[in-house]
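Me: I should like to learn how to read the features of a protein complex from its coordinates. Could we work through one case together?

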Amino acid sequence: MIPHERSLVEKWKDRPFALIGVNSDGTDTEKGLAEFKAKAKEMGVTWRSFRNEGTDPPISETWRVRGWPTLYYIDHEGVIRHKDIRDEARMEKVLDEMITAAEEAAKKQKK
Amino acid sequence: MSRTVLAAALLFVSPVGLVAQSDEPARATQDPQAAYNELVRSFAKAVEAWQDELQAALKKQEEGGPRVPRKAYRPPTKSFIATAQEHAQELAGRDEAVMFLGFILKNASSERNAIKWAVKTLNSDHADSAAIADVVDYLPMAATKGAGRNATKLLGRIAEQHGDAEVRAKALLARAAFKTERGDSSGAIADLKAVQSVSKDEDLLAEAKDLLAEVQKFAIGAVAPEIEGVDTDGVAFKLSDYRGKVVLLDFWGFW
């Protein structure tokens, strides 16, 4: 999971793509944050995450998340396009299509 | 539940429930409702005692006492499920059996065979009865507790084929809630729309409307609701900061 995500972030770093996490590791305590940072460094997690418990109620409750990990694919206009695709090849295909659409929309706007 | 059914149920319950206090096990065939009330009352008492005991044991463990054994976490369901099963068997074929079968679906913990049996019996003897309306809410639980596809099939049968539209609507709503839990939002939306075309019950319609709005908020095709939060370093940011980019939103943790 994490190695693949890291490769996606790396691959698309110059294209309109962001991996945003909602993390449930309890980083609101000093101990939790220290453990999180050590692990993030070890695993090469460079992308940004919300603290799941940073809002009341937690983000996962508002979003009715029932299993982890849960994935939402949100396009450049903020519309949910897919959910929970976990197969790595399909993930890449779907995201690549979405990113291409985002780039085309940006080009049109410039014209 | 429609108002007339509710009123009838209340009439039936009120005087008997208060009288059934004796320690003699009530005879289900003579007075099913009294036997049921007695079962529910004694089960609630046992659960309360179990919770108190578990809490006391956990407190002792925290203070350095002995480790709480695994079996202490198990609710005391076994004998009550057995009693419910006996009563349901005594009443076999009569619709008064449904409340005992419902008790099993709702309260059984590790008694998987009892759950399977209860679902099978509901399906073969009571699927078209009016009484089945009172247990549809427990069928999703039964599905996750061991009855699996038989429970979801029965729920589907009631939702699609029951003779009373309000019973169908109640089953549709229960199935929609179950689908929502499972992340099947398009399935849930279809069931909730069906509730709206089938039911005239105001409470049920209001519930369906609320759930529909909630499910649609996070369904494919919806604009993702805003998230205003803080990142793991405590810096505030918003999901909409990333408009213009494709966002893969990942609920995750190392644990």
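Me: Which residue stands opposite Tyr73(A) in strand 4 of chain A?

Reply: This is a predicted model, and what follows should be read with that in mind. To find a partner across paired strands, one follows the bridges between them. Here the residue opposite Tyr73(A) is His82(A). The two belong to a pairing in which strand 3 (residues 70–74) and strand 4 (residues 80–83) of chain A run antiparallel, joined by three bridges.

Me: How many residues lie between the strands of this hairpin, and which residue there takes a positive phi?

Reply: Five residues lie between strand 3 and strand 4 of chain A, and Gly78(A) has a positive phi near 90°. As for the strands themselves, in a regular strand the side chains alternate between the two faces of the sheet.

Me: What pattern does chain A follow along its sequence?

Reply: Such a pattern lists helices and strands in order. For chain A it reads α-β-α-β-α-β-β-α, made up of four helices and four strands. The C-alpha trace of chain A spans about 50 × 30 × 30 Å along its principal axes.

Me: Where does the backbone of chain A have cis peptide bonds?

Reply: The omega angle is the value to inspect. One cis bond joins Asp56(A) and Pro57(A), with omega about 0°; Pro57(A) sits in the loop between strand 2 (49–51) and helix 3 (59–62) of chain A. Another leads from Trp68(A) to Pro69(A), with omega near -10°, and Pro69(A) belongs to the loop between helix 3 and strand 3 of chain A.

Me: What is the phi of Arg64(A), and with which residue does its side chain form a salt bridge?

Reply: Arg64(A), in the loop between helix 3 and strand 3 of chain A, has a phi near 55°, which is positive although the residue is not glycine. Its side chain meets that of Glu214(B) in a salt bridge, at 3.5 Å from N to O. The count between chain B and chain A is four salt bridges, whereas the whole structure has 18 over all chains.

Me: Why does the salt bridge of Arg15(A) and Asp96(A) tie together parts that are 81 residues apart in sequence?

Reply: One locates both ends of the pair. Arg15(A) lies in the loop between helix 1 (2–11) and strand 1 of chain A and Asp96(A) in helix 4 (residues 88–110), so the bridge links parts separated by 81 residues in sequence. Their closest N and O atoms are 3.0 Å apart.

Me: How many residues of each chain are in contact, and what area is buried?

Reply: For an interface, one counts residues and then considers the area. In this case 41 residues of chain B are in contact with 54 residues of chain A. The two chains bury about 4,600 Å² between them, with 63% of it on carbon and sulfur atoms. Across the interface there are 26 residue pairs in polar contact. Strand 3 of chain B, with seven residues, gives the most to the side of chain B that touches chain A.

Me: How do strand 1 of chain A and strand 3 of chain B run, parallel or antiparallel?

Reply: They run parallel, joined by seven bridges. Within this pairing, Ala18(A) has Val247(B) as its bridge partner.

Me: Which aromatic pair involves Trp252(B)?

Reply: Distance and plane angle describe such a pair. Trp252(B) pairs with Phe36(A) in a tilted arrangement, 6.1 Å centre to centre with 50° between the planes. Phe36(A) lies in helix 2 (residues 30–43) of chain A and Trp252(B) in strand 3 of chain B, so this pair joins two chains.

Note on methods:
Residues numbered from 1 in each chain as written. Chains lettered and ligands numbered in written order. Predicted model: local features only at pLDDT ≥ 70, side-chain atom pairs only at ≥ 80, totals over all residues. Heavy atoms only, no water. Contact = heavy atoms within 4.5 Å. Buried area = accessible area lost by both parts, 1.4 Å probe. Polar contact = N/O pair within 3.5 Å; in protein donor to acceptor, adjacent residues only side chain to side chain. Pairing = 2+ DSSP bridges. Phe/Tyr/Trp six-rings, centres within 6.5 Å; stacked < 30°, edge-to-face > 60°.
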